[in-house]
Amino acid sequence: MAALGGAWRRRMPWYPGDWIWPVLLGLVIAAGGAAAAIVYSTGQTPTKTIVATTPVHPTTTTTPPEQTTSTTPSTTTTKPPPPPPPKRALVPWPTGQSGYTVVLTSVPAGGGRGAAVAQARKALAAGLTQVGVLDSSQYSSLHPGYYVVFSGIYETSADAQTAANRAHSRGYSAAYPRRITP
């Protein structure tokens with residue numbers, strides 16, 4: 001180190017001290033490691049994560065006629081469910097409701113809501129359903145400052161994960177399930 005220090009002093013008027021040599025050696029090793037990692041990673045083929053889930057199938061039961069004991073018809077009336085929004089319309093997140101959704105993308109609020117709405121319309125065109133835009137600043141479970149393009153409103157994380165897998169198959173490889181809390 002003394003020889004290196006002397007050579008430095010002969011060429012430069014300022015010498016930082018003997019600590020410079022281990023630091024420079026560490027810098028060279030780090031640069032070499034980074035270069036090797038870059039070369040190695042460019043030769044690799046990307047892998048896809050496979051998530052296995054159990055499909056949920058609705059079950060229905062019917063009572064055979066010979067087991068029916070009542071002879072009076074039932075007159076129960078129920079309100080029909082509200083009609084679904086038109087296929088091309090964006091849906092709002094239900095006011096005050098917590099649940100799960102699939103986050104397709106997040107657009108910085110500085111870019112304006114219009115950019116997020118354009119992304120949402122692309123998702124509708126790709127065949128995704130219940131697509132909408134959230135202002136993340138209005139939800140405690142989201143990082144503020146973004147417009148979040150979402151697809152679906154689900155009660156369970158498992159349902160949202162299944163929907164995220166569908167979104168992946170429609171070209172949204174970065175889609176992920178997320179809990180939304182007002």
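## Helix H3, strand S1 and the nonpolar core

The buried residues of helix H3 are covered by elements that include S1, S2 and S3. The model described here is a predicted one.

**Helix H3.** This helix has 13 residues, and the distance from its first C-alpha to its last is 19 Å, close to the 18 Å expected at 1.5 Å a residue. Its buried residues are Ala116, Val117, Ala120, Ala123 and Leu124. They occupy an arc of only 110 degrees around the axis, which places them on the same side of H3. On the face turned away from that buried side, H3 carries the exposed residues Gly114, Lys122 and Ala125. Just after the helix, Gly127 adopts a positive phi of about 100 degrees.

**Nonpolar cores.** The largest nonpolar core contains 21 residues, and Val102 and Leu104 have the most contacts inside it. Two or more residues of this core come from each of S1, H3 (113–125), strand S2 (131–135), S3 and helix H4 (157–169). With five residues, H3 gives the most to this core. Beyond its neighbours within four places in sequence, Val102 is in contact with residues including Val149, Phe150, Tyr154, Ala160, Ala163, Ala164, Ala167 and Pro177. A second, separate core of nine residues includes Val91, Trp93, Leu142 and Val148. In soluble globular proteins, nonpolar side chains tend to be buried together.

**Strand S1.** Strand S1 (residues 99–108) has seven of its ten residues buried, so the strand is largely enclosed by the rest of the structure. Its pairings with two other strands are set out below.

| Partner of S1 | Sense | Bridges | Facing residues |
|---|---|---|---|
| S3 (residues 146–154) | antiparallel | seven bridges | Val107 opposite Tyr147 |
| S4 (residues 176–180) | antiparallel | five bridges | Tyr100 opposite Arg179 |

**Thr101.** This residue lies in strand S1. Thr101 has a relative accessibility of 0% and therefore counts as buried, the limit being under 20%. The side chain of Thr101 reaches the backbone oxygen of Gly152 at 2.5 Å. Residues up to four places away in sequence aside, Thr101 touches Trp93, Phe150, Ser151, Gly152, Tyr154, Ala160, Tyr176, Pro177, Arg178 and Ile180. Among these, Trp93 is included in the second core, while Phe150, Tyr154, Ala160 and Pro177 are also among the contacts of Val102.

Technical notes:
Residues numbered from 1 in each chain as written. Predicted model: local features only at pLDDT ≥ 70, side-chain atom pairs only at ≥ 80, totals over all residues. Heavy atoms only, no water. Buried < 20%, exposed > 50% of the residue type's maximum accessible area, 1.4 Å probe, protein only. Helix = DSSP H or I, 4+ residues; strand = E, 2+ residues; numbered from the N terminus. Pairing = 2+ DSSP bridges. Polar contact = N/O pair within 3.5 Å; in protein donor to acceptor, adjacent residues only side chain to side chain. Contact = heavy atoms within 4.5 Å. Core = buried A, V, L, I, M, F, W, Y, C linked by side-chain atoms within 4.5 Å. Expected span 1.5 Å × (residues − 1). Arc of directions from axis to C-beta.
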